[in-house]
Amino acid sequence: MNYKSSLRLLTLFATYCLSNAALAETQILKASTIITMDEKNPRAEAVAFDTVTKKITAIGSLSEVQAKAPQAKVTDLGATVLMPGFIEPHGHPATAGLITQPPTIWIAPYVGYKTWDDVKAKILKEDAQATAGMPLIFNGVDKLLQQAPTPTRDILDALTPSGRPIIIFDNSGHALYFNTATTKLLGWENATPPKNPLGGSFGRNQDGTSNGVAQEVPAIMPIATPFMFKAIPNPLLSVAKFYSYMSSFGITSSSELTYNTGQYKAYLALASSADTPLRISVYHMSTETDAAAEAKWPDSSMVRKNGIKLWADGTPWLGTVALSFPYLDNKTTRTAQILLGPLAEKGMNYTRGQLDQILDKFVPLGYQMSFHCNGDVGFDVVMDAYESALAKHKLLGTDHRWRVEHLGAARYDQFKRAASLGITVSMGPFQYIYWGDLLDGTMFESAIGSQWQAVGDAFRADARPTFHNDGPVSPPNVLLNIQSMVTRTTNSGKVHGANQAVTMDQALKAVTINAAYQLKRDQEVGSLEVGKFADFVELSADLTKVKPLEITDKVKVQGTWVGGKKINLTKFLEEMSAIDASQHQGLPEASLSTRHKH
Ligand SMILES: [Zn+2]
């Protein structure tokens, strides 16, 4: 070998070593403090991670971490506090993107539209400002919280003097309202609706013309699908915006609880960016013909299929839940057209025999089961069905982590039973935060209503509860959930059932390690430990050091890291906008047909 060629080899070798070193780069972040959510090592000062494996390699004091990674670059985050990225264990990002993010206009009570007058003013303003003739979608009119009338065709025509088509989704997901221009867009002659589909209905005036109301998904779909095709030019981008919205609240892992195969491509595309802000676990709806089929994405740490979802009962805001006690009879409950009940087992969407059949179909395939259930009677039926399936399939005492969702009316003894069976519970603080003042004394007798979302009991029973916002149902505001559950305070500042308040440590577990456990990701995320992914939320202050009632005022989310990468939401949205929108035009149909009873 001559001198020149050996020099060239040496250069090549050096380049190889350098590039390998660059690939194997270890980074260290130093924060004012790190809340690890690891009980063996609750606080730290610095964390090191490998940017290739994306996992934590050391965590402790800065000197301890530097001793393990002497070559690593240290980034000092100053006053920033680091925590494990928050986890939203129950959401519906695809639907949420389409019906809460622009170009859709979100008019729910908790995003600033407290009364029906606020909603009316917003519709008039948008009608005056938007491009002439452009169809507009509104979402979130709430008869209970806004005390809104049914927004009929006449009412909506008066609110759209420009004559543009508009539709409004009811906050419950069970009704759609529209104006005369929409009946023209749909090609309904003389504003006359088609025959009612099975399971849904079109409201009619005495002369047979539409009154501007469609009830239930089978009637909502034939209006909303062609409407969205015109009003939402880029459905994938809408979902990407909801990802960004969740990320802005500090969330790094979430879930899709109304998965169907029509959404596969979208979740693939959303995971394709290096700045994808969320890991997603999907639960396939049991009613889909291919629900049992495997679904795999290229990087299972980003998107994976966990299990099977079904709706055991309905929504507390319409009275379609399996409760043992009635609603109170008054103007508020009547305006909202709530079924006063008690419906008891009649509130169930399935008989016990049907639940057993569904469990027999999916359990042998190894899927984690997830049942929506708000009522106390419903919870008993679900646990009876779970217990018998666990026994039948020899899963009692195993690590199955089957889930029950929402549990507005669940009691201590029921949580205790769930814990003894290894069943995990996901609670909805948003029900208490936004409806709590009505639940206590207006919807139900105080002894019952004040205890709605008995999160304290769930912890006392060791049921490992988690918190969720059920997007699109409420904004994914994790810090507000923590603040409200620690202080047991509603949105108006009132306290109902102070006995159900939780400790700060419990609230933090509910949105980190408990949620990771529920999603079967606790070996990867949920706490900051060596070997787990470097998923962080950056907070402006230590939320354990501020007064609990001031958390949302004093603590700001500054950003998130996923797999050791600081997430750039602008870049993520740019990359998603660059994807050919026509590939995702089927997303509204796939996602709206799945809107459920919250
Ligand atoms: Zn849900």
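In this predicted model, the contact between two helices is made by P429, Y432, I433 and Y434 of α14 on one side and by L480, N481, S484 and M485 of α17 on the other. Sorted by character, the residues of this contact comprise six nonpolar and two polar ones, with no charged residue. Two packed helices are described by the angle between their axes and the distance between the axes. Here α14, spanning residues 429-439, and α17, spanning residues 478-487, cross at about 75°, and their axes are 10 Å apart. Angles of 65 to 115 degrees count as roughly perpendicular, and the two helices are therefore roughly perpendicular to each other.

Helix α17 is itself mostly covered, with ten of its ten residues buried. Among them are L480, N481, S484 and M485, which are also the α17 residues that meet α14. The buried set further includes V478, L479, I482 and Q483, as well as V486 and T487.

What follows α17 in the chain? The helix gives way to R488, a residue with a positive phi near 50°. R488 belongs to the loop between α17 and α18, and with a relative accessibility of 1% it counts as buried. The same loop, between α17 and α18 (504-510), holds V495. At 46% relative accessibility, V495 counts as partly exposed. Apart from neighbours within four places in sequence, V495 touches Y432, T487, R488 and T489; of these, Y432 also takes part in the contact of α14 with α17. The C-alpha atom of V495 is separated by 41 Å from that of Q129, a residue 366 places away along the chain.

Most residues other than glycine have a negative phi, and most peptide bonds are trans. Besides R488, with its positive phi, a positive value is found at L407, where phi is near 55°. L407 sits in the loop between β17 (403-406) and α13 (412-420), and at 0% relative accessibility this residue counts as buried. Turning to the peptide bonds, P102 and P103 are joined by a cis bond with omega of about 10°; P103 is in the loop between α3 (93-100) and β7. A cis bond also leads from G341 to P342, with omega near 5°, and P342 is placed in the loop between α10 and α11 (352-362).

Strand β7 brings the description to a sheet. Six strands form an open sheet in the order β7-β8-β9-β10-β12-β11, and their pairing is mixed. Its edges are β7 (105-106) and β11 (201-204), each of which pairs on one side only. At one edge, β7 runs parallel to β8 and is joined to it by two bridges, with W106 having N139 of β8 as its bridge partner. At the other edge, β11 and β12 (residues 210-215) are antiparallel and share three bridges; there, R204 is partnered by S210 of β12. Strand β8 is mostly covered, as six of its six residues are buried. Helix α4, residues 116-129, lies across β7, β8 and β9, and runs at about 170° to β8.

One further loop deserves a look. Is D313 buried or exposed? This residue lies between β15 (303-311) and α10 (331-335), and at 0% relative accessibility D313 counts as buried. The D313 side chain reaches the backbone nitrogen of A322 at 3.1 Å.

Technical notes. Residues are numbered from 1 along each chain as its sequence is written. This is a predicted model: local features need pLDDT of at least 70, side-chain atom pairs count only at pLDDT 80 or more; totals for chains, interfaces and linings use all residues. Side-chain values use heavy atoms; hydrogens and water are left out. Axes are lines fitted to C-alpha atoms, for helices over the stretch in contact, and angles run from 0 to 180 degrees between N-to-C directions. Helices (H or I, at least four residues) and strands (E, at least two) are DSSP runs, numbered from the N terminus. Angles under 35 degrees count as roughly parallel, over 145 as roughly antiparallel, 65 to 115 as roughly perpendicular and the rest as oblique. Contact means heavy atoms within 4.5 Å. Ala, Val, Leu, Ile, Met, Phe, Trp, Tyr, Cys and Pro count as nonpolar, Asp, Glu, Lys and Arg as charged, and the others, Gly among them, as polar. Buried means under 20% relative accessible area, exposed over 50%, partly exposed in between (1.4 Å probe, protein chains only). Two strands pair if DSSP finds at least two bridges between them. A polar contact is a pair of N or O atoms within 3.5 Å; within protein, one must be able to donate a hydrogen and the other to accept it, and residues adjacent in sequence count only if both atoms are side-chain atoms.
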